[in-house]
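Please open the model in your viewer and keep the sequence beside it, since this tour moves from one selection to the next. At each stop you will be told what to select and what to look for there.

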Amino acid sequence: MAFFNKLGSLMRQSISQKGQVPVVSMLNSIRCMSSSKLFIGGLPWSTDDQTLKDAFSGFGEVTEARVIMDRETGRSRGFGFVHYDSIENASEAVSAMDGQDLGGRTVRVSFAEDRRPPQSYNDNNYQGNRRSDN
């Protein structure tokens, strides 16, 4: 269901852009939707891996649940990831849990996207702050 909602949204967006279909955006969304990994944002600071797994296990077999921790402080950064054994279970969890209350906070649930490689400063002909000493 979430897959079709996203696809419909992309189609409406392409129509509103005077018929220019954002093919890259559409293909990227389809690729992300073929994954069973979910991003969970807005988690309470007290949430740990087991609490996250328990909260999402009602929608199917959770193969991994991980709350991301700050390297320096060891405290939760307020987001995590949940992996399901199937795309259908992940879709059901997105539909049911997005915008719901978890431990007193409203969580955002969506399909996780692959991490983009960091851009170097040399991209786009970045020259820096050069001064000429004339």
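A residue is called buried when its relative accessible area is under 20%, exposed when that area is over 50%, and partly exposed in between, with a 1.4 Å probe and protein chains only. The model is a predicted one, in which local features need pLDDT of at least 70 and side-chain atom pairs count only at pLDDT 80 or more, while totals for chains, interfaces and linings use all residues. Residues are numbered from 1 along each chain as its sequence is written, and side-chain values use heavy atoms, with hydrogens and water left out.

**First stop: S76**

Select S76, which has a relative accessible area of 11% and therefore counts as buried. A polar atom of its side chain lies 3.0 Å from the backbone nitrogen of G78. If you now display the contacts of S76 (heavy atoms within 4.5 Å) and leave aside its neighbours within four places in sequence, you will find P44, W45, T47, V67, I68 and M69.

**Second stop: strand β3 and its partners**

Widen the selection to residues 76-84, the strand β3 in which S76 has its place; strands here are DSSP runs of E with at least two residues, helices are runs of H or I with at least four, and both are numbered from the N terminus. Of the 9 residues of β3, 7 are buried, so the strand is largely enclosed by the rest of the structure.

Two strands are said to pair if DSSP finds at least two bridges between them. Add β1, residues 37-41, which runs antiparallel to β3 and is joined to it by 5 bridges; here K37 stands opposite H83, and L38 has V82 as its bridge partner. Then add β2, residues 62-69, which is also antiparallel to β3 and is joined to it by 6 bridges, with V62 partnered by Y84. In the hairpin of β2 and β3, 6 residues lie between the strands, and G74 takes a positive phi near 80°.

**Third stop: the whole sheet and its helices**

With 4 strands selected, you have an open sheet in the order β2-β3-β1-β6, with antiparallel pairing. Its edge strands are β2 and β6 (108-111), each of which pairs on one side only. From one strand to the next, the twist averages 20°.

Next, show helix α3, residues 49-56, which lies across β1, β2, β3 and β6 and runs at about 135° to β2. Helix α4, residues 87-97, lies across β1, β3 and β6 and runs at about 150° to β6. For these angles, axes are lines fitted to C-alpha atoms, for helices over the stretch in contact, and the angles run from 0 to 180 degrees between N-to-C directions.

**Last stop: the aromatic rings**

Rings of Phe, Tyr and Trp (its six-membered ring) pair if their centres lie within 6.5 Å, and planes under 30 degrees apart count as stacked, over 60 as edge-to-face and the rest as tilted. By this rule the count is 3 aromatic pairs. Select F39 and F81, whose ring centres are 5.8 Å apart and whose planes are at 65°, so the pair is edge-to-face. Because F39 lies in β1 and F81 in β3, this pair ties together parts that are 42 residues apart in sequence. F39 is partly exposed at 25% relative accessibility, whereas F81 is buried at 19%. F79 and F81 form an edge-to-face pair as well, with 6.1 Å from centre to centre and 90° between the planes. Shown together, F39, F79 and F81 form one aromatic cluster.

Notes: A polar contact is a pair of N or O atoms within 3.5 Å; within protein, one must be able to donate a hydrogen and the other to accept it, and residues adjacent in sequence count only if both atoms are side-chain atoms.
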